[in-house]
Amino acid sequence: MEGRKLNCSMEGNINESRGALVVLEGLDRSGKSSQCTRLVSYLEGQGINAELLRFPDRTTSVGQMISAYLTNTSQLDDHTIHLLFSANRWEKRSLMETKLKSGTTLIVDRYSYSGVAFSSAKGLNFEWCKAPEIGLLAPDLVAYLDISPEKAAERGGYGDERYEKLEFQKKVAQSYKVLHDHSWKVVDACQPIEDVEKQLQEMVLDCVTECRKGRPLSPLWSI
Ligand code: Z5A
Ligand code: MG
């Protein structure tokens with residue numbers, strides 16, 4: 001029922017110009033945050049309204065619970081933290097829709113794919129992990145920054161947060177492989193930072209142009 005309601009409200013938008021929903025995904029240290037910041041500056045320089053969003057958004061009360069878990073200040077059941085990550089996206093969903101419809105392009109640092117990749121890497125059922133994400137906004141572009149776990153670990157080393165361990169990152173990489181589909185754009189994240197940036201700029205500009213023509217918003221993983 002909820003899925004149908006979301007569909008209807010989105011269909012009203014057919015042929016209306018809007019911003020693009022662009023998601024960057026990849027292993028830890030693949031360069032997502034660096035590239036998201038650069039992309040927003042680039043788009044603004046092109047006269048395109050753009051904003052950066054990141055998940056987890058640690059500023060909300062849900063985000064603070066997530067942050068406490070990631071920094072090992074609190075312990076939570078694997079299912080519980082998975083649902084909190086998802087709730088953290090749901091609490092931004094309507095704001096994201098409003099911004100997109102008002103013409104702002106959103107550059108998003110991690111999204112539902114991180115949620116499924118990390119939780120399923122712990123052994124949670126894959127479909128169970130996807131379920132709470134159903135009905136969030138589907139990205140117009142998913143750019144995957146591709147780097148091996150070993151190469152990523154060489155980049156300044158991992159910190160003290162939960163998940164920042166090579167063995168676990170190898171499992172996350174496997175989960176991303178299962179999630180990956182033909183619509184994702186895979187970028188070699190081992191290239192110099194400026195080369196990655198250039199490739200991303202081109203694909204994001206194409207995507208912004210498409211969305212300006214009025215590509216309708218759609219729900220993620222609808223059933
Ligand atoms: N998580 C989850 O479990 N479920 C969820 O639903 C979500 C997340 C959304 C926190 O995420 C954790 O939450 C994360 C997943 C889990 N697990 N871990 N670990 P986070 O996004 O807050 O993590 P982060 O620490 O901010 O970001 P990151 O992923 O670790 O790094 P990154 O953003 O991909 O990379 P970066 O910060 O841009 O760059 C890393 C370093 O590499 C830096 O020194 C750069 O200067 C350097 N760099 C970047 N690009 C290059 C190139 N091309 N060449 C050389 N060096 C480079
Ligand atoms: Mg980051």
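**Exercise 1.** Identify which polar atoms of the protein lie close enough to ligand 1 to count as polar contacts in this predicted model.

*Solution.* Begin with D28: one of its polar side-chain atoms is 2.3 Å from a nitrogen atom of ligand 1. Next, take the backbone: an N or O atom of G31 lies 3.0 Å from an oxygen atom of the ligand. Then turn to R58, whose side chain places an N or O atom 3.1 Å from an oxygen atom of ligand 1. The cut-off for a polar contact is 3.5 Å, so these pairs qualify. As for cover, the protein hides 80% of the 1100 Å² of accessible area that ligand 1 has on its own.

**Exercise 2.** Describe the shell around ligand 1 and the site that the ligand takes up.

*Solution.* The shell comprises 26 residues, and the closest are D28, R29, K32, S34 and R110. By class, 10 are nonpolar, seven polar and nine charged. The ligand takes the space of the largest pocket. Two or more shell residues come from each of α2 (32-45), α4 (78-101) and α5 (112-121).

**Exercise 3.** Characterise the largest pocket and the second largest pocket by volume and lining.

*Solution.* The largest pocket holds about 600 Å³ of space. Its lining has seven nonpolar, six polar and 13 charged residues, and α5 supplies the largest share, four residues. For the second largest pocket, the volume is about 350 Å³. Among its 20 lining residues, D140, L141, V142, S183 and W184 lie nearest the centre. This lining divides into 12 nonpolar, one polar and seven charged residues, with α9 giving the most, four residues.

Key:
Residues are numbered from 1 along each chain as its sequence is written. Chains are lettered from A and ligands numbered from 1 in the order in which they are written. This is a predicted model: local features need pLDDT of at least 70, side-chain atom pairs count only at pLDDT 80 or more; totals for chains, interfaces and linings use all residues. Side-chain values use heavy atoms; hydrogens and water are left out. A residue is near a molecule or strand if one of its heavy atoms lies within 4 Å of it. A polar contact is a pair of N or O atoms within 3.5 Å; within protein, one must be able to donate a hydrogen and the other to accept it, and residues adjacent in sequence count only if both atoms are side-chain atoms. Accessible areas come from the Shrake-Rupley method with a 1.4 Å probe; for residues, only the protein chains shown count as cover. On a 1 Å grid over the protein atoms alone, a cavity is a set of points where a 1.4 Å probe fits but cannot get out, and a pocket is an open set with protein on both sides within 12 Å along at least five of seven lines; lining residues have an atom within 4 Å of a point. A molecule sits in a cavity or pocket if more than half of its atoms lie within 2 Å of its grid points. Ala, Val, Leu, Ile, Met, Phe, Trp, Tyr, Cys and Pro count as nonpolar, Asp, Glu, Lys and Arg as charged, and the others, Gly among them, as polar. Grid points are joined across faces, edges and corners, and a volume is the space filled by probe spheres set on the points.
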